[in-house]
Amino acid sequence: MTRVIILLGAPGAGKGTQAVRLSQALGLPHVSTGDLFRENISQGTELGGRAKAYLESGQLVPDDLTVDMLFDRTSRPDCADGYMLDGFPRTVPQAEALGERLGDGAPLTVLNIEVPDDIIVERSAGRLLCRECGNIQHKSFSPPAQEGVCDACSGELYQRKDDQPEVVQERLGVYHAQTEPLVGHYGDQGVCLSVDGNRAPDEVFAGCLASLEVEA
Ligand code: AP5
Ligand code: MG
């Protein structure tokens, strides 16, 4: 049976930060639709070309493109026993498509990482990403030992284009309008667990493990 864990939460809530740790702790591959789109854009694929303007403006990529890309990824052998979704689903139709794909009774757990909007803006504004290994740092909250250099692999750190303040506001608005309804959608199914994301990353991680009833 395929075990699926969904990380839900606003842009900048810490889904990516926690997904890396949880994926190691649970032995499940980390599948991020945002990362998949960014890879396609940097490799200049046709899909990347179709997705680029949506990412840059903070809008959602249309459901059909997103669902096809996701299912293509999750049909690879490493996902056979389960996977951890970061940034998918983000709309009710995406959640319905996933539900149909998995079928009734599939073990599905949703962790909703909750962080207030003002903190979100601060987190996104200072986010730093490694071009080489994808490590996520922050100018103030996890500052690199050497400016511009990744602590994990010494690669180059950069800021995402969609972390400019006006795009962050747009992404937050899109989140509240289109993605937050999923809390109710999965709440009705009895599979949505809330985690307080407004704590240090180690504490959020412990909170995620406790919700999943896994020993730290
Ligand atoms: P995506 O890449 O998924 O972006 P997002 O959801 O906006 O989420 P982020 O990656 O911004 O935040 P995060 O929650 O991962 O936070 P992080 O751990 O980095 O999507 C980008 C775009 O792709 C979308 O806008 C859309 O266009 C498109 N897209 C993707 N999926 C789609 C879908 N399903 N349908 C349609 N379109 C889709 O943390 C943020 C910062 O905070 C970091 O600097 C980190 O170091 C810091 N931090 C994290 N946790 C803590 C903590 N506990 N305390 C202090 N600092 C912390
Ligand atoms: Mg992310």
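This passage walks through the surroundings of ligand 1, a pocket and a small sheet in a predicted model. Residues are numbered from 1 along each chain as its sequence is written, and chains are lettered from A and ligands numbered from 1 in the order in which they are written. Because the model is predicted, local features need pLDDT of at least 70 and side-chain atom pairs count only at pLDDT 80 or more, while totals for chains, interfaces and linings use all residues; side-chain values use heavy atoms, with hydrogens and water left out.

A good place to begin is ligand 1. Its shell holds 37 residues, a residue being near when one of its heavy atoms lies within 4 Å. The closest are T17, Q59, R90, R127 and R171. By class, 14 of the shell residues are nonpolar, 14 polar and nine charged (Ala, Val, Leu, Ile, Met, Phe, Trp, Tyr, Cys and Pro count as nonpolar, Asp, Glu, Lys and Arg as charged, and the others, Gly among them, as polar). At least two shell residues come from each of α1 (15-26), α2 (33-43), α3 (46-57), β6 (136-138) and α9 (201-211); α2 has the largest share, with four. Helices (H or I, at least four residues) and strands (E, at least two) are DSSP runs, numbered from the N terminus.

Several polar contacts (pairs of N or O atoms within 3.5 Å) involve oxygen atoms of ligand 1. A polar backbone atom of Q59 lies 2.6 Å from one such oxygen. For a polar side-chain atom of R38 the distance to a ligand oxygen is 2.8 Å, and for a side-chain N or O atom of R160 it is 3.0 Å. Taken alone, ligand 1 exposes 1,000 Å², of which the protein buries 96% (areas by the Shrake-Rupley method with a 1.4 Å probe).

Attention can now turn to the sheet. Three strands form an open sheet in the order β6-β5-β7, with antiparallel pairing, where two strands pair if DSSP finds at least two bridges between them. At the edges stand β6 and β7 (157-158), each pairing on one side only. Strand β5 (residues 127-130) meets β7 in the antiparallel sense over two bridges, and L129 stands opposite Y158 in β7.

Note on methods. A polar contact is a pair of N or O atoms within 3.5 Å; within protein, one must be able to donate a hydrogen and the other to accept it, and residues adjacent in sequence count only if both atoms are side-chain atoms.
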